[in-house]
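Here are some notes on the model you sent, set out as numbered points. They begin with the ligand and its surroundings and then move outward to the domains.

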Amino acid sequence: MVKIALIGAAGQIGTPLSLLCKTSDLFDEISLYDLVHVPGIATDLMHIDTRAKVTGYLAEDSGLKNTLTGADIVVITAGIARKPGMTRDDLFKTNASIIRDIFTEVAATCPLATCCVVTNPVNSTLPIAAETLKKAGVFEATRLFGVTTLDVVRASTFVTHALGDGSNPKDFKVPVIGGHSGATILPLYSQAEPPVSLKEEALAGVINRVQFGGDEIVKSKQGAGSATTCMAYAGFRFVQAIMKAKNGQSVTEEAYVYLPGIAGGKEIAAELGVDFFAVKIELGKAGAVKALPIGKISDKETELLGVAIDDLKKNIATALSFMST
Ligand code: LMR
């Protein structure tokens with residue numbers, strides 16, 4: 001029996017994510033939580049001919065607890081999204097306490113679940129989740145992930161747009177490390193497979209587009225929000241990777257994690273001078289098995305890495321200071 005809990009399921013990421021989960025046939029139970037609409041969304045999904053039982057709980061009558069009870073995987077998309085002119089950090093004020101409260105309930109109800117945080121600003125919400133679990137004495141870094149898969153998806157997609165030769169984004173693997181916001185997002189095109197051959201200026205343009213891809217959508221939606229459908233796709237891709245690993249397949253995906261708590265991560269954290277960071281993670285039955293070294297990167301990428309680390313340190317400090325007050 002595998003149960004996934006989707007927290008924020010009535011939102012514009014949560015609802016398409018719940019559809020992908022229901023159609024995947026990967027789950028026996030899908031439990032939806034939000035402040036509005038989820039009982040109806042659950043009924044709607046129950047008309048799809050896959051085996052998962054779908055339930056929807058609102059806040060009243062211990063709805064969050066009921067959603068999380070028995071969950072093996074929890075995906076959190078709850079919170080507000082960006083409007084034009086806002087950075088992801090502008091979401092902190094509202095989303096920080098939402099994440100803290102959700103993880104307080106996770107700690108009490110399903111402390112062994114694998115948790116995936118999508119709610120922005122991920123660079124700060126993941127440390128808040130980690131600190132909340134730590135305070136409750138149930139933190140295990142191998143089970144807690146900040147979802148950065150959309151950056152990986154963008155890195156292979158945007159390079160094919162720049163190449164303009166009809167190549168398939170799925171044929172490119174581009175590691176993306178760092179965080180999930182602006183300059184903290186660092187696609188490593190020097191490690192792309194197959195190698196990417198673009199002139200320096202074109203490559204710089206693609207790197208910038210990956211770093212600020214979220215802004216492209218915010219601008220295009222003209223006040224109606226930020227990435228939703230592609231984020232649901234990316235979130236589901238990460239959930240699929242976790243499920244494949246749970247079923248014994250060997251899988252690696254990038255994710256934003258607490259490095260010192262994962263094998264191989266302590267050394268990377270010491271080298272970078274930052275504890276929360278996205279790297280390639282080897283996934284196994286119980287979650288993160290190993291954080292993989294960054295490897296050789298170009299001089300330009302080394303320069304960008306310095307900027308990413310400086311920004312990340314600030315984002316992490318904001319989260320830790322929120323949790324200490
Ligand atoms: C994205 O990368 O598109 C999302 O994190 C949403 C945002 O605010 O940019």
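1. A residue is taken to be near a molecule if its C-beta atom, placed from the backbone, lies within 6 Å of it. In this predicted model, the residues that surround the ligand are Arg 82, Arg 88, Asn 120, Leu 150, Gly 214, Ile 217, Val 218, Ser 226, Ala 227 and Met 231. By class, this shell holds five nonpolar, three polar and two charged residues.

2. Which helix gives the largest share of the shell around the ligand? That share, three residues, comes from helix α8 (residues 213-220). The shell also draws on both parts of the chain, with at least three residues from each of domain 1 (3-146) and domain 2 (148-325).

3. The UniProt record, an unreviewed entry, carries the annotation "binding site" for Arg 82, Arg 88, Asn 120 and Arg 154. Of these annotated positions, Arg 82, Arg 88 and Asn 120 also appear among the residues around the ligand.

4. Arg 82 sits in the loop that runs between β4 (73-76) and α4 (92-109). Is Arg 82 buried or exposed? A residue counts as buried if 20 or more other C-beta atoms lie within 10 Å of its own, and Arg 82, with 21 such neighbours, is therefore buried. Once neighbours within four places in sequence are left aside, Arg 82 is in contact with Arg 88, Leu 91, Val 218 and Ser 226.

5. Asn 120 belongs to another loop, the one between β5 (114-117) and α5 (122-135), and Asn 120 is buried because 28 other C-beta atoms lie within 10 Å. With neighbours within four places in sequence again left aside, the contacts of Asn 120 are Arg 88, Leu 91, Asn 95 and Thr 125. Arg 88 and Leu 91 are thus contacts of both Arg 82 and Asn 120.

6. On the division of the protein chain into domain 1 (3-146) and domain 2 (148-325), the centres of the two domains, taken over C-alpha atoms, are separated by 21 Å. Their contact takes 35 residues from domain 1 and 38 residues from domain 2. On the side of domain 1 that touches domain 2, the elements giving two or more residues are α1 (14-24), β4, α4, β5, α5 and β6 (144-146), and α5 gives the most, with eight residues. That side has 23 nonpolar, six polar and six charged residues.

7. Strand β2 (residues 29-33) is largely enclosed by the rest of the structure, because four of its five residues are buried. Strand β1 (residues 3-7) pairs with β2 in the parallel sense over five bridges, and Ile 7 has Tyr 33 as its bridge partner in β2.

Methods:
Residues are numbered from 1 along each chain as its sequence is written. This is a predicted model: local features need pLDDT of at least 70, side-chain atom pairs count only at pLDDT 80 or more; totals for chains, interfaces and linings use all residues. UniProt positions are given in the numbering used here, feature names are shortened, and annotations may be inferred rather than shown by experiment. A residue is buried if 20 or more other C-beta atoms lie within 10 Å of its own, exposed if 12 or fewer, and partly exposed in between; C-beta atoms are placed from the backbone. Two residues are in contact if their C-beta atoms, placed from the backbone, lie within 7 Å. Ala, Val, Leu, Ile, Met, Phe, Trp, Tyr, Cys and Pro count as nonpolar, Asp, Glu, Lys and Arg as charged, and the others, Gly among them, as polar. Domain bounds come from an automatic or database domain assignment. Two strands pair if DSSP finds at least two bridges between them.
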